[in-house]
Amino acid sequence: MDFNSFINQKRKFKFLIIRDGLIGDITFLTPIINRLKNKFSDSVIDIVISSNSEDVLKNYPGVR
């Protein structure tokens with residue numbers, strides 16, 4: 001099985017994004033989160049960020 005057919009199957013993926021930066025660095029994650037949610041709609045996205053930046057993604061849709 002090649003990679004593309006593996007990805008195209010209906011699967012639930014889990015993503016973990018670890019980013020230790022300030023608020024400006026975290027805002028650059030939002031397009032990445034949107035693309036992951038669009039491509040893998042059933043996926044689970046967990047993000048580990050510093051406490052200084054947690055308010056940026058606190059209620060962001062699709063993020064635990």
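## Close-up views

**View A. Ser43 touches Lys12, Phe13, Phe15, Leu36 and Lys37, when residues up to four places away in sequence are not counted.** Welcome to the first close-up of this predicted model. To find Ser43, look in the loop between H3 and S2. Is Ser43 buried or exposed? Its relative accessible area is 6%, and buried means under 20%, so Ser43 counts as buried. Keep two of its contacts in mind, Phe13 and Phe15, as these residues return in the next view.

**View B. Phe13, Phe15 and Phe40 come together in one aromatic cluster.** With ring centres within 6.5 Å taken as a pair, the count comes to 3 aromatic pairs. One of them joins Phe13 and Phe15, with 6.3 Å from centre to centre and 35° between the planes, and this pair is tilted. Phe13 has a relative accessibility of 18% and therefore counts as buried. Phe15, at 23% relative accessible area, is partly exposed. Phe15 also pairs with Phe40: their ring centres are 5.5 Å apart and the planes meet at 45°, so this pair is tilted too. Which parts of the chain does the pair link? Phe15 belongs to strand S1 (residues 14–19), while Phe40 sits in the loop between helix H3 (30–39) and strand S2 (44–49). These two residues are 25 residues apart, so the pair links distant parts of the chain. Phe40 itself has 15% relative accessibility and counts as buried.

**View C. The largest nonpolar core has 12 residues in all.** Its members are Phe13, Ile17, Ile26, Leu29, Ile33, Leu36, Phe40, Ile45, Ile47, Leu57, Tyr60 and Val63. H3 and S2 each supply at least two residues of this core. In soluble globular proteins, nonpolar side chains tend to be buried together. Now pick out one core member, Ile17. Which residues is Ile17 in contact with, once neighbours within four places in sequence are left aside? They are Leu29, Ile33, Leu36, Ile45, Asp46, Ile47 and Val48. Notice that Phe13 and Phe40 belong to this core and also to the aromatic cluster of View B.

**View D. On the surface, Leu16, Ile18 and Val48 form a nonpolar patch.** Together, these residues have about 310 Å² of accessible area. Leu16 is part of strand S1. Is Leu16 buried or exposed? Its relative accessible area is 55%, and over 50% means exposed, so Leu16 counts as exposed. Val48, a member of this patch, also appears among the contacts of Ile17 in View C.

**View E. Ser53 and Asn52 share the loop between S2 and H4.** Helix H4 covers residues 54–57. Ser53 is buried, with a relative accessible area of 0%, whereas Asn52 is exposed at 57%. Leaving aside neighbours within four places in sequence, Ser53 is in contact with Gly21, Leu22, Ile23 and Ile26. How far apart are the C-alpha atoms of Ser53 and Leu22? They are separated by 5.9 Å, although the residues are 31 residues apart along the chain. Asn52 and Gly21 are likewise 31 residues apart in sequence, with 8.3 Å from C-alpha to C-alpha.

**View F. Stepping back, the protein chain shows 4 helices and 2 strands.** Follow it along the sequence and you will read the pattern α-β-α-α-β-α. The chain has 64 residues, of which 30% count as buried. It exposes about 4,900 Å², and carbon and sulfur atoms supply 53% of this area. How much of the contacts with a separation of 6 or more comes from residues 24 or more positions apart? The share is 64%. The contact between Ser53 and Leu22 in View E is one to look for here, as these residues are 31 residues apart along the chain.

Methods. Residues numbered from 1 in each chain as written. Predicted model: local features only at pLDDT ≥ 70, side-chain atom pairs only at ≥ 80, totals over all residues. Heavy atoms only, no water. Phe/Tyr/Trp six-rings, centres within 6.5 Å; stacked < 30°, edge-to-face > 60°. Buried < 20%, exposed > 50% of the residue type's maximum accessible area, 1.4 Å probe, protein only. Contact = heavy atoms within 4.5 Å. Areas by Shrake-Rupley, 256 points an atom, 1.4 Å probe, with all protein chains shown as cover. Patch = residues over 30% accessible without salt bridge, like charges linked within 9 Å, V, L, I, M, F, W, Y side chains within 5 Å. Salt bridge = Lys/Arg side-chain N within 4 Å of Asp/Glu carboxyl O. Core = buried A, V, L, I, M, F, W, Y, C linked by side-chain atoms within 4.5 Å.
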